[in-house]
Amino acid sequence: MTHEIAVIPGDGIGQEVTPAAVDVLESLELGFEFVEGEAGDAVREETGEALPQETYDLAASTDATLFGAAGDSAADVILPLREAVDSFVNVRPAKAYPGIDAVRPETDLVFLRENTEGVYAGHEDRLSEDVSTLTRVVTESASERLAEFACDYVSGTEHDGFTIAHKANVMRETDGLFRDTVKSVAEDNGIETDEVLMDAFATHVCLDPEQFDVVVCPNLAGDVLSDLAAGLVGGLGLLPSANIGPDRALFEPVHGTAPDIAGDGLANPAAKIISAAMLLEYLGYDEEADAVTEAVESTLAEGPHTPDLGGDASTEDVTEAVIDRL
Ligand code: GGG
């Protein structure tokens, strides 16, 4: 059976790392059909729309999507694309790889981020020139869906339950509901949990990341805390992610468009290529997924490295090195 994969590079270095991931997938000769879609700031400038309907429909109908990066139009691109795949969880592994000069080489975390609501639900208003508001939405159903995924994710694995990061001592209603719902689903499934206030987590994870493993968090917290963890493992160029829905999924690096290096051919493709490995695993190609992950890990261990990791290799050099190892 062949699979149709949407390829939406977006803006900035998304235009460089997404083709790199496609090259790696193509080198496996699995017969995937890649269909390209446009989205982002450049398309908005041209057409007035950051996410043309046909790109939304593409993500909503293909088996999986490879997305690159969104810049100023992130709210109009990545949020609706996640909605197109009905993605209720963003899986963000943050792992230190051998050979990389990491601040905390012992880091090995997975963030399971609520992906549909919180402050990213889009209920923002400008009441007057100097007053703006934002409504934060947390529902039992979205928290339950995330918690059920988290329970499945850790069941029968080496993961010993999960940690719930929240701020329920201040946001009593919203994070209170989130924490209580996630905890209750975990209890019903016989999964152990502990909890931590998200601000305290930020300190503790820097001082001793090994005390955490799988971390379940509300939307904004998951976005921010995983970027913080990227700082512990060697930078944003190393964090992949999977946006999982019931019938399809979207895979993107955690990093954004990196306008400072966009167009120079120097972006680190590792996060995007590991995201492609997550796509392979999602579609059931476990052996190929492991092979791609190992090829990236060995490239990170032995080089070549892009400038963000202290080297002078190009995106193309690193991509070729990964493909050579497959
Ligand atoms: N590839 C990820 C990306 O484009 N990140 C930009 C961004 O602002 N993301 C917000 C989010 O992940 O919710």
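This report looks at the ligand site of a predicted model and at two backbone features.

## About the model

Local features need pLDDT of at least 70, side-chain atom pairs count only at pLDDT 80 or more, and totals for chains, interfaces and linings use all residues. Residues are numbered from 1 along each chain as its sequence is written, and side-chain values use heavy atoms, with hydrogens and water left out.

## Who surrounds the ligand

Let's start with the shell, where a residue counts if one of its heavy atoms lies within 4 Å of the ligand. It has 13 residues, of which Gly-68, Ala-70, Arg-82, Arg-113 and Pro-253 come nearest.

Domain 1 (1–97 + 238–325) and domain 2 (103–233) both contribute residues to this shell, so the ligand lies between them; the domain bounds come from an automatic or database domain assignment.

## Polar contacts

Three polar contacts (pairs of N or O atoms within 3.5 Å) can be picked out here. A backbone N or O atom of Gly-68 is 2.8 Å from a ligand nitrogen, and a polar side-chain atom of Glu-252 is 3.1 Å from a ligand nitrogen. For Arg-82, a side-chain N or O atom sits 2.7 Å from a ligand oxygen.

## Two backbone features

The peptide bond from Gly-303 to Pro-304 is cis, with omega near 5°. Glu-29, a residue other than glycine, has a positive phi near 50°. For context, most residues other than glycine have a negative phi, and most peptide bonds are trans.

Note on methods. Polar contact = N/O pair within 3.5 Å; in protein donor to acceptor, adjacent residues only side chain to side chain.
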